[in-house]
Amino acid sequence: MVGRRKPGGASLKQNYSNLDVCFTRSNRGNNLLNIDGKPFTLNRRIKDACYWECVKLRCKYTKCSARVVTKGNMISALRGHHNHP
């Protein structure tokens, strides 16, 4: 995937080194990924990829669609935007 390009010459590979990222535990002992102060919970793990969703996804009114994919403790994809403070 490193050598593939989108039409128009833009590279598919993103650089997420400017984000403040840390892994923590919730009060219940579940894994949390914090990116710039926004927490994500682990949704599923497939091979070496971990799929995270915003903790506000299941909130009745917010339903935030932000998601993250990590591979080997490195962010490989960010999708959606936070619709809450």
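**Reading strand β4 and its sheet**

Me: What makes β4 mostly covered?
Reply: Five of its six residues are buried in this predicted model. Buried here means under 20% relative accessible area.

Me: How do you know whether W52 is buried or exposed?
Reply: Look at the relative accessible area of W52, which is 4%. The limit for buried is under 20%. W52 therefore counts as buried.

Me: And F23, why is it called partly exposed?
Reply: F23 has a relative accessible area of 39%. Buried would need under 20%, and exposed would need over 50%. The value for F23 lies in between, so the label is partly exposed.

Me: Why are F23 and W52 called an aromatic pair?
Reply: Their ring centres are 5.9 Å apart. The cut-off is 6.5 Å, so they pair. By this rule the count comes to one aromatic pair.

Me: Why is the pair called tilted?
Reply: The planes of F23 and W52 meet at 55°. Stacked needs under 30 degrees and edge-to-face needs over 60. The angle fits neither, so tilted is the right word.

Me: What makes this pair a link between distant parts of the chain?
Reply: F23 sits in strand β1 and W52 in strand β4, 29 residues apart. What else does W52 touch? Leaving aside neighbours within four places in sequence, its contacts include F23, L33, F40, R67 and V68.

Me: What makes up the largest nonpolar core?
Reply: It has eleven residues, among them Y16, L33, I35, F40, W52 and I75. They are grouped because they are buried and joined through side-chain atoms within 4.5 Å. β2 (31-35) and β4 (49-54) each supply at least two residues of this core. The largest share, three residues, comes from β4.

Me: How do you know that β4 pairs with β5?
Reply: Count the bridges: five join β4 to β5 (residues 67-71). Pairing needs at least two, so these strands pair. They run antiparallel. In this pair, E53 stands opposite R67 in β5. A49 has K71 in β5 as its bridge partner.

Me: What makes β3 and β4 a pair?
Reply: They share six bridges, and at least two are needed, so they pair in the antiparallel sense. F40 stands opposite C54 in β4. The bridge partner of I46 in β4 is A49. The two strands form a hairpin with two residues between them. K47 in that turn has a positive phi of about 55°.

Me: How do you know that β2 and β3 pair?
Reply: Four bridges join β2 to β3 (residues 38-46), and at least two are required, so these strands pair too. The pairing is antiparallel. I35 stands opposite K38 in β3. Their hairpin has two residues between the strands, and D36 takes a positive phi near 50°.

Me: Why do β1 and β6 count as edge strands?
Reply: First, the sheet: six strands form it in the order β1-β2-β3-β4-β5-β6, with antiparallel pairing, and it is open. β1 (21-25) and β6 (74-79) each have a single partner strand, so one side of each is left without a neighbour in the sheet. Neighbouring strands are turned by 30° against each other on average, direction ignored.

Terms used:
Residues are numbered from 1 along each chain as its sequence is written. This is a predicted model: local features need pLDDT of at least 70, side-chain atom pairs count only at pLDDT 80 or more; totals for chains, interfaces and linings use all residues. Side-chain values use heavy atoms; hydrogens and water are left out. Buried means under 20% relative accessible area, exposed over 50%, partly exposed in between (1.4 Å probe, protein chains only). Contact means heavy atoms within 4.5 Å. Axes are lines fitted to C-alpha atoms, for helices over the stretch in contact, and angles run from 0 to 180 degrees between N-to-C directions. Rings of Phe, Tyr and Trp (its six-membered ring) pair if their centres lie within 6.5 Å; planes under 30 degrees apart count as stacked, over 60 as edge-to-face and the rest as tilted.
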